[in-house]
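The following exercises invite the reader to examine a protein model step by step. Each task is followed by a worked solution.

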Amino acid sequence: MKSRRTLLVRTGHGSAGAASVPGLPELPADAGPDAAGPERPPMPLDPPDLPPWIPAEAPTAVLPTVPAPPVQPPVVPAPDYPEPPAEPPAAPAFRPLFTDAPGLNWAGPGDSWTRAWAAQEPAEGRPAQLSAPLPAPGLGAPGLGAPGLGASAVDQPLTVRDVELIRASLAVVEPVADRATAHFYALIFLHHPEVRALFPAAMDVQRDRLFRALLAAARSADDPAGLRVHLGALGRGHRRYGTLTGHYGPVGECLVQALARYAGSRWDAETELAWRRVYRLVSSIMIEAAEDAARTSPPWWQGEVVRHERRTRDVAVITVRPDQAYPYRAGQYTSLETPWWPRVWRHFSFASAPRPDGLLTFHVKAVQAGWVSNALVHRAAPGDVLRLGPAVGTMTADHVAGADLLCLGGGTGIAPIRALVEEVAERGTPVGAVDVFYGARRVADLYELDGLDELARRLPWLTVRPVLSGTGPAEGALTGELPEVVGRFGPWAGREAFLSGPPAMVRRGVGVLLRSGVAAERIRHDLVGDLAAG
């Protein structure tokens, strides 16, 4: 049967193939589907794609002729591109991408967590929770008058004696600030649990900030002008946490109780009065700044990630479209919150000057154990929604003076430097020279060098010098630590200097610039403790 199947497949026509097999009868010449007589049943080994019979009169198959290979390659027709329009279409008007994002994992006033706390009845021996804003400290809030003195004594201006008492008690508290901070927050969350929603779930990131900010403000109580600048920014920034005027009263009470516990023998009624007076000053400045800002801007902006570019293994350039107009200046920075770490904010500088399309660009480096930076570099993608605080910072250029500029950018600190260069170029302000020193450890870390070189080719007043401090080939870059390299090119008298990068680099750079002839009032930087961290 095997030989028969093979023969049938190979012949494919005529009955001779079947008759040549020994042991099988010959079929009539007219045998076919319409022939008389019984039809041969299919054989078990017949191929499935062939009929069980083969007509005798089937014509001989003609094998197809294989064409010779072509001498020339075939002609490919030109693509049918549409005719370009005479004028490019106008860009659509900017509209917010969304007005609400209820699905994002954020906590704050009005969310389920806060409502759950507010719904609880006050337990016996515990004060009622905040259901509405309370008066500001010193303005009639309950419990703010020192024992035996009343609120009128707290409302009096600070005296020299008050400042002395505050500094003396600070000297005792600061060595045990960690324990005082923990006690401070324990008091807040115990007596006012509804305030817990204003803080991140993991307090190791946030714990020291509020308490230490209050201590720093108290230490500068004899500098009203500086205090107003610092605390004004702090009050405006706290709006992004959902802080209300009524929250300042409970915070002040908990601050006084924590200080009383850890100031030891330096604490008495006179010291407490001094602290209540300074806290009234601090909170009044912050409340006033927050209320002024509320008249013109939201507490935060929402922004959608529209582009995410990985420049190195741990550096990403992120472009964000805010939901409404976002005012800022080149050289400033803002705070960002991701939906993956609610209430955890980190500072990042703007990497471009304000643009007509309203887009914002940031350079983010993922640092070790950095919650926000690692989320932005390794997890964020187009379509994700971030929250932005207001723009802050004083590292801005004075374009009216038209002075020559000297810029030092280390690592992702090159972001605000590039923004400053773009702003100068866009304004068309005549400048004599702009010198940019761009530092990194390795060539691969100079991720923005190509873009800066392209600007330098178009702007005759711009000079860009890469500096490498690590080992390996320099490839045309200067070698050494960035501040020292800048010092070798001095003196820099008459320049307006800008520094951005790791805190150690900025501090060393300031010393080098002072020795190189740059006036102290013309050296600008925003050395924020956690600007590049987290």
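**Exercise 1. Describe the order and pairing of the strands in the open sheet of six strands.**

Solution. The model is a predicted one. Reading across the open sheet, the six strands follow the order S4-S3-S6-S1-S2-S5, and their pairing is antiparallel. The next step is to find the edges: S4 and S5 each pair on one side only, which makes them the edge strands. As for the twist, neighbouring strands are turned against each other by 40 degrees on average, with direction ignored. In general, strands of a sheet pair through backbone hydrogen bonds, in either a parallel or an antiparallel manner.

**Exercise 2. Determine how many bridges join strand S2 to S5, and which residue of S5 stands opposite Thr319.**

Solution. Strand S2 covers residues 315-322 and runs antiparallel to S5, to which six bridges join it. Opposite Thr319 stands Thr361 in S5.

**Exercise 3. Identify the strands that helix H11 touches, and state the angle between its direction and that of S5.**

Solution. H11 packs on the sheet and touches S1 (301-310), S2, S3, S4, S5 and S6 (385-388). The direction of H11 makes about 110 degrees with that of S5.

**Exercise 4. Locate Arg387, decide whether it is buried or exposed, and name the partner of its side chain.**

Solution. Arg387 is placed in strand S6. Its relative accessible area is 4%; since buried means under 20%, Arg387 is buried. The side chain of Arg387 is joined to that of Glu337 by a polar contact of 2.6 Å.

**Exercise 5. Compare the settings of Arg343 and Ala369, two residues other than glycine with a positive phi.**

Solution. Most residues other than glycine have a negative phi. For Arg343, phi is near 70 degrees, and for Ala369 phi is near 60 degrees. Arg343 lies in the loop between strand S3 (333-337) and strand S4 (345-349), whereas Ala369 lies in the loop between strand S5 (360-365) and helix H11 (371-378). The last step is accessibility. Arg343 counts as buried because its relative accessibility is 1%, while Ala369 counts as exposed because its relative accessibility is 67%, and exposed means over 50%.

**Exercise 6. Find what kind of peptide bond joins Gly490 and Pro491, and place Pro491 in the chain.**

Solution. Most peptide bonds are trans. The bond joining Gly490 and Pro491, however, is cis, with omega at about 5 degrees. Pro491 lies in the loop between helix H14 (482-488) and strand S11 (496-500).

Conventions: Residues are numbered from 1 along each chain as its sequence is written. This is a predicted model: local features need pLDDT of at least 70, side-chain atom pairs count only at pLDDT 80 or more; totals for chains, interfaces and linings use all residues. Side-chain values use heavy atoms; hydrogens and water are left out. Helices (H or I, at least four residues) and strands (E, at least two) are DSSP runs, numbered from the N terminus. Buried means under 20% relative accessible area, exposed over 50%, partly exposed in between (1.4 Å probe, protein chains only). Two strands pair if DSSP finds at least two bridges between them. Axes are lines fitted to C-alpha atoms, for helices over the stretch in contact, and angles run from 0 to 180 degrees between N-to-C directions. Contact means heavy atoms within 4.5 Å. A polar contact is a pair of N or O atoms within 3.5 Å; within protein, one must be able to donate a hydrogen and the other to accept it, and residues adjacent in sequence count only if both atoms are side-chain atoms.
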